[in-house]
Amino acid sequence: VPINERQLAVIEAFRHAWRGYKDFAWGHDELKPLSKSYSEWFGLGLTLIDALDTMWILGLKEEFEEARKWVANDLVFDKNVDVNLFESTIRILGGLLSTYHLSGDSLFLEKAKDIGNRLMPAFKTPSKIPYSDVNIGRGTAHPPRWTSDSTVAEVTSIQLEFRELSRLTGDEKFQKAVDEVMKHVHTLSGKNDGLVPMFINTNSGQFTHLGVYTLGARADSYYEYLLKQWIQGGKKENELLEDYMRAIEGVKKHLLQRSAPKKLTFVGELAHGHFSAKMDHLVCFLPGTLALGAHNGLAADHMKLAEALIETCYQMYAQVETGLSPEIVHFNLHAQKGHKDVEIKPADRHNLLRPETVESLFYMYRFTGDKKYQDWGWEILQNFNKYTRVPTGGYTSINNVQNPSNPEPRDKMESFFLGETLKYMFLLFSDDIDLINLDKYVFNTEAHPLPIWVPA
């Protein structure tokens, strides 16, 4: 299937972003495109690793070869540095594994094994619920400085990667460690109709901060990985499916409401029995996940809900002055003169170039063939180009989506802009269902495709 004009526009955007990274941040974690410099998080070339499989999928052979050379010669994990278990699993381990599968190049598998082994000390806790942070050089791990809790999403969204590492290496310790976490969470009390609290204690293994339920930050990818592990493993692990189905029922029962005036279906939050009409942009992963479940034979009403929610996620862009979504919105439940459905608080009006809406648009287009999803994605790409593109190379997060004349650039390009946002754009604009066939691959939460063990 030939590449079309919209896909060419994505390739152009990627090259522009990559040029900034190459010129000013090569081998470093993140580009600061305005100050033409970089910032370090783990000091492991995060943007470069996150972008490897995107370059492969976009057909950028030269850029890929240059990056491969850096991985071969300069990527060293034997460093006295603390990394976040979740972020390094989804970005680095996930990126290396998917690049290995797409390219067949064993270099990436060797590097994946190395980082995988170095992350294992995180699981040495009294409860087997992993610590949030690992020193990959010293082989030590610890919770964050201020608490002995880990985030529920973080400990339940590393499974796809570790399970795949066991399958490829024949060493079952990786899978055992992460499966144990899921089995434990499966049995825990403190859930509300399948909805989980946001924190879990690494000593006791119990949920903490009970009574707050969200599909946004700190809980989001727990739900995504229930479904995706079930798909990855060939639809055999029924506990995962049960937990997923129960959770979606919990969402319907406790978190779904409709806004005014447009009656948009949205997912709010529940705090100690009180409903809040607050929705993180992160929640926009959900329509895509629901659609993926329906495609895999789950309830047809999941697809109906997916269609309603993706409309809402699109409106989180369309009702804003720059056409870019803020990080968090609040929905109006009662019609008021002169008010839209979407309200934005000053603290929430930043945009970090996040992928979730585009990700869901990709799934919706793949499964329905409805071109409006491509058109919505095209609008979003044009607005990224208009308000976040830095002339000398790269794209930047912005502080104010409500001010088109000065969106207040933040001088930071997150690695997921190349790893996820532009990759999902490219796939959304493609009419080739075999370009990462969703019956053969499952995407991790950083958009790195991993093989389904028993393809559908």
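Let me start with the aromatic rings, of which this structure, a predicted model, holds 22 pairs. One of these pairs is formed by Phe 162 and Phe 174, whose ring centres lie 6.3 Å apart with 40° between the planes, and that makes the pair a tilted one. Phe 162 belongs to helix 7, residues 159–169, while Phe 174 belongs to helix 8, residues 173–187, so the pair ties together parts that are 12 residues apart in sequence. As for their surroundings, Phe 162 is buried, at 0% relative accessibility, and Phe 174 is buried as well, with a relative accessible area of 1%.

The next pair is made of Phe 266 and Phe 331, and here the centres of the rings are 4.4 Å apart and the planes meet at 20°, so the pair counts as stacked. Since Phe 266 sits in strand 11, residues 265–267, and Phe 331 in strand 15, residues 328–331, this pair ties together parts that are 65 residues apart in sequence. Both of these phenylalanines, Phe 266 and Phe 331, are buried. There is also a cluster to look for on the screen, in which ring pairs link Phe 362, Tyr 363, Phe 367, Tyr 424 and Phe 443.

One member of that cluster, Phe 443, brings me to Ile 436, because Phe 443 is among the residues that Ile 436 touches once those up to four places away in sequence are set aside. The others in contact with Ile 436 under that condition are Ile 57, Leu 102, Arg 366, Leu 427, Tyr 441 and Pro 449. Is Ile 436 buried or exposed? At 6% relative accessibility, Ile 436 counts as buried, although its place is in a loop, the one between helix 15 (415–428) and strand 17 (441–443). If you look from Ile 436 to Gly 45, which is 391 residues away along the chain, the two C-alpha atoms are separated by 25 Å.

A second isoleucine in a loop is Ile 158, found between helix 6 (152–155) and helix 7, and Ile 158 is buried with a relative accessible area of 0%. Which residues does Ile 158 contact, leaving aside its neighbours within four places in sequence? They are Leu 85, Phe 86, Thr 89, Phe 123, Pro 130, Val 178 and Tyr 225. For Tyr 225, which is 67 residues from Ile 158 along the chain, the C-alpha to C-alpha separation is 8.5 Å.

I would set beside these a residue in a helix, namely Ala 308, which lies in helix 12, residues 300–318. With a relative accessibility of 26%, Ala 308 counts as partly exposed, and its C-alpha atom is 7.3 Å from that of Leu 264, a residue 44 positions away along the chain.

Now a few words on the backbone. The peptide bond that runs from Ala 260 to Pro 261 is cis, with omega near 5°, and Pro 261 is located in the loop between strand 10 (256–258) and strand 11. Strand 11, as I said, is where Phe 266 of the stacked pair lies.

Where in the fold is Lys 36? It is placed in the loop between strand 1 (30–32) and strand 2 (37–39), and its phi is near 50°, a positive value in a residue other than glycine. Lys 36 is partly exposed, at 40% relative accessibility. Arg 218 likewise has a positive phi, of about 80°, although it is not a glycine. Its loop is the one between strand 9 (212–213) and helix 9 (220–232), and at 43% relative accessibility Arg 218 also counts as partly exposed.

Let me finish with the protein as a whole. How many helices and strands does the protein have? There are 15 helices and 18 strands. The radius of gyration is 21 Å, close to the 23 Å that the globule rule gives for 456 residues, so the protein is as compact as a globular protein of that length. Along the principal axes, the C-alpha trace spans about 60 × 50 × 45 Å.

Of the 456 residues, 62% count as buried, and the isoleucines at 436 and 158 are among the buried residues. Of the contacts with a separation of 6 or more, 67% are between residues 24 or more positions apart. The accessible surface comes to about 16,700 Å², with 49% of it belonging to carbon and sulfur atoms. As to charge, the protein has 50 positive and 60 negative side chains, and the centres of these two sets lie 1 Å apart.

Terms used: Residues numbered from 1 in each chain as written. Predicted model: local features only at pLDDT ≥ 70, side-chain atom pairs only at ≥ 80, totals over all residues. Heavy atoms only, no water. Helix = DSSP H or I, 4+ residues; strand = E, 2+ residues; numbered from the N terminus. Rg over C-alpha atoms; globule rule 2.2 N^0.38 Å. Buried < 20%, exposed > 50% of the residue type's maximum accessible area, 1.4 Å probe, protein only. Contact = heavy atoms within 4.5 Å. Areas by Shrake-Rupley, 256 points an atom, 1.4 Å probe, with all protein chains shown as cover. Lys, Arg positive; Asp, Glu negative; His and termini not counted. Charge placed at Lys NZ, Arg CZ, Asp CG, Glu CD. Phe/Tyr/Trp six-rings, centres within 6.5 Å; stacked < 30°, edge-to-face > 60°.
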